[in-house]
Amino acid sequence: MKIKINENYRSVGKSYLFSEIASRVAKFTAAHPEARMIRLGIGDVTLPLTPAVTSAMSAAVSEMAEKSTFRGYAPEFGYDFLLEAIKRRYERFGVALGTSEIFVSDGAKSDVGNITELFGDNTVLIPDPVYPVYLDSNLMAGRRVEFLPATEENGFLPMPDGIRGEGYIIYICSPNNPTGAVYDREMLAAWVDFANRTGSLIIFDAAYEAYISDGCPHSIYEIEGARACAVEICSLSKDAGFTGTRCSWTVVPSELTAGGMSLCEMWGRRQATKFNGVPYVVQRGAEAALSDTGREECLGLVKYYMENATRLASVLRKRGVTFTGGVSSPYIWLKCTGTGSSWEFFDRLLTEANIVGTPGAGFGKCGEGYFRLTAFGSHEATDEAAARLRTFF
Ligand code: MLT
C-alpha cells in the first residue's frame with residue numbers, strides 16, 4: 001500500500017500486555033491439555049452481577065421489547081438518571097459535581113486512551129510501574145513520556161519533589177494497579193498543589209477506589225484545588241462486576257481550560273463525534289449498582305475478593321515472600337523469587353504450578369523483578385492457588 005502510517009506505532013510493544021499473556025497461556029494449554037490452570041493474571045472479575053443490577057437490567061430489557069418504552073440512541077453523555085446517580089455517589093465523598101461535568105462511557109480503558117486526543121505536544125508523567133494503557137496510548141500519539149519511578153523506597157508512591165518544568169499531563173492511579181499502593185490525603189494534596197503551580201493536568205484513575213479501606217481519598221476532588229487541575233476516570237468494572245457489561249464515567253470540571261478552550265467542552269465534542277453512548281439496559285444496571293442497595297451488594301463483592309487477597313497474602317507471608325498490596329487493592333505485588341526476569345518467573349509459575357499471573361515488567365521497567373497476582377478469582381480457585389503457591393515457594 002502507498003498510505004502513510006502512524007509511525008508512532010513502531011514505538012509500542014508488539015502486543016498489549018494482557019494479549020501477550022493470553023497468547024502464552026493458550027500456547028501452554030494447547031501443549032498441556034491436562035493442566036488445571038488457575039488464572040490470576042488479568043484483573044477480571046468472576047462473581048456475577050448483583051440482584052439489584054440484574055433486576056434493573058431485566059426491567060430495562062422488557063422496556064426495550066415494548067413499542068411505547070423502546071429507546072434508540074442514548075443521550076451522548078449518558079441518561080440523566082445515571083448522571084444523577086453518579087453525582088449522588090460523589091456527594092457521599094463530600095464532592096459536589098454538576099451533571100454536565102460527567103460523561104458516561106463504555107470503560108475506563110477507552111477513556112484513558114481517548115482523552116489523550118485532547119492534548120497537544122506536552123510531556124507526560126507516568127508512574128512506573130502502572131496500567132500499561134497510559135504509556136501505550138501516549139506513545140501512539142507520539143508524546144514525550146517521563147517516568148515517575150515507583151519503588152520500594154518510596155512505597156511505590158512517587159511524589160512531585162524535584163520535578164522541574166511545567167504543563168505536564170500527569171497520570172495518577174490510586175489505589176495503584178499493579179502495586180496496590182494508595183495515596184493519602186496529604187500526598188494527593190502535594191500533587192494537586194504541584195499541578196496547579198505548574199499549569200499541569202492530572203488524569204486521576206479511580207477504578208479501584210471501592211477497595212480503599214483506610215480512609216485515603218476515594219476521589220481526587222476530595223482534595224482542595226483539584227477541580228482546577230484534574231480529570232477523574234472511574235468505572236463499575238472492578239466493584240460492580242461490569243468488566244463484560246461495560247460502564248464507566250469521566251469527570252471533567254468546568255473550570256479546566258487550556259489554550260482558551262474548555263476541556264469539558266472539548267471532551268463533550270470528542271465524545272459526541274466519536275462515541276454513541278452506553279446501551280440503555282447497561283445504564284439502568286449502572287444506576288442500580290450506584291443505588292443504596294446496589295452499593296451494599298457491590299461492597300459484598302469487594303469483601304469477597306479481599307478475602308481472597310488475605311488468603312494469598314497469608315501463604316506469601318508464611319513462605320517469607322516479600323509483597324505489598326492486597327489491603328486496599330485486589331492486587332498482590334510480590335517480589336519474584338529465584339533468578340531471572342519477571343517473564344521467566346511467569347513461565348516458571350505457569351509450568352510448575354499452572355498458575356497464571358502478570359509479570360511486573362509488563363507494567364514498566366521498575367516492575368522488573370516483581371509479579372502481580374489478582375484476588376478476583378473464586379474462593380475455590382484462590383484456595384487451590386494458595387495450596388500450589390505453598391509448594392512452589
Ligand atoms: C488489569 O488486569 O490490569 C486490568 O484488568 C486491565 C483492565 O482493567 O483493562
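A surface patch, in the sense used here, is made of residues with over 30% relative accessible area and no salt bridge, and nonpolar side chains are joined into one patch within 5 Å. With that in hand, good morning, and let me turn to the structure before you, which is a predicted model.

I begin at the start of the chain. Met1, Ile3 and Ile5 together make up a nonpolar patch on the surface, and their combined accessible area is about 410 Å². Met1 belongs to the segment that precedes helix H1, residues 17-31. Is Met1 buried or exposed? Its relative accessibility is 91%, and exposed means over 50%, so Met1 counts as exposed.

I now move to the ligand. Which residues surround the ligand? They are Phe18, Ile42, Gly43, Tyr131, Asn177, Tyr208, Lys238, Tyr331 and Arg372. By character, the shell around the ligand divides into 5 nonpolar, 2 polar and 2 charged residues.

Several members of this shell make polar contacts with oxygen atoms of the ligand. Gly43 takes part through its backbone, with an N or O atom placed 2.6 Å from a ligand oxygen. Tyr131 contributes a polar side-chain atom, also located 2.6 Å from an oxygen of the ligand. For Lys238, an N or O atom of the side chain lies 2.7 Å from a ligand oxygen. Taken on its own, the ligand has 260 Å² of accessible area, and the protein covers 86% of it.

Next, I would draw your attention to Gly244. This residue sits in the loop that links helix H7, residues 237-240, to strand E8, residues 248-251. Gly244 has a relative accessible area of 68%; because the threshold for exposed is over 50%, Gly244 is classed as exposed. Where the chain folds back, Gly244 and Val45 are 199 residues apart in sequence, while their C-alpha atoms are separated by 9.0 Å.

My last stop is Ser262, a residue of strand E10, which comprises residues 261-262. Why is Ser262 described as buried? Its relative accessible area is 16%, and buried means under 20%, so Ser262 falls within that class. Which backbone atoms does the side chain of Ser262 reach? One is the backbone nitrogen of Glu265, at 3.0 Å. Another is the backbone nitrogen of Cys264, which lies 3.3 Å from a polar atom of the Ser262 side chain.

To close, I return to two contrasting residues: Met1 is exposed, whereas Ser262 is buried. Thank you for your attention.

Notes
Residues are numbered from 1 along each chain as its sequence is written. This is a predicted model: local features need pLDDT of at least 70, side-chain atom pairs count only at pLDDT 80 or more; totals for chains, interfaces and linings use all residues. Side-chain values use heavy atoms; hydrogens and water are left out. Patches are made of residues with over 30% relative accessible area and no salt bridge: like charges are joined within 9 Å, nonpolar side chains (Val, Leu, Ile, Met, Phe, Trp, Tyr) within 5 Å. Accessible areas come from the Shrake-Rupley method with a 1.4 Å probe; for residues, only the protein chains shown count as cover. A salt bridge is a side-chain nitrogen of Lys or Arg within 4 Å of a carboxyl oxygen of Asp or Glu. Helices (H or I, at least four residues) and strands (E, at least two) are DSSP runs, numbered from the N terminus. Buried means under 20% relative accessible area, exposed over 50%, partly exposed in between (1.4 Å probe, protein chains only). A residue is near a molecule or strand if one of its heavy atoms lies within 4 Å of it. A polar contact is a pair of N or O atoms within 3.5 Å; within protein, one must be able to donate a hydrogen and the other to accept it, and residues adjacent in sequence count only if both atoms are side-chain atoms. Ala, Val, Leu, Ile, Met, Phe, Trp, Tyr, Cys and Pro count as nonpolar, Asp, Glu, Lys and Arg as charged, and the others, Gly among them, as polar.
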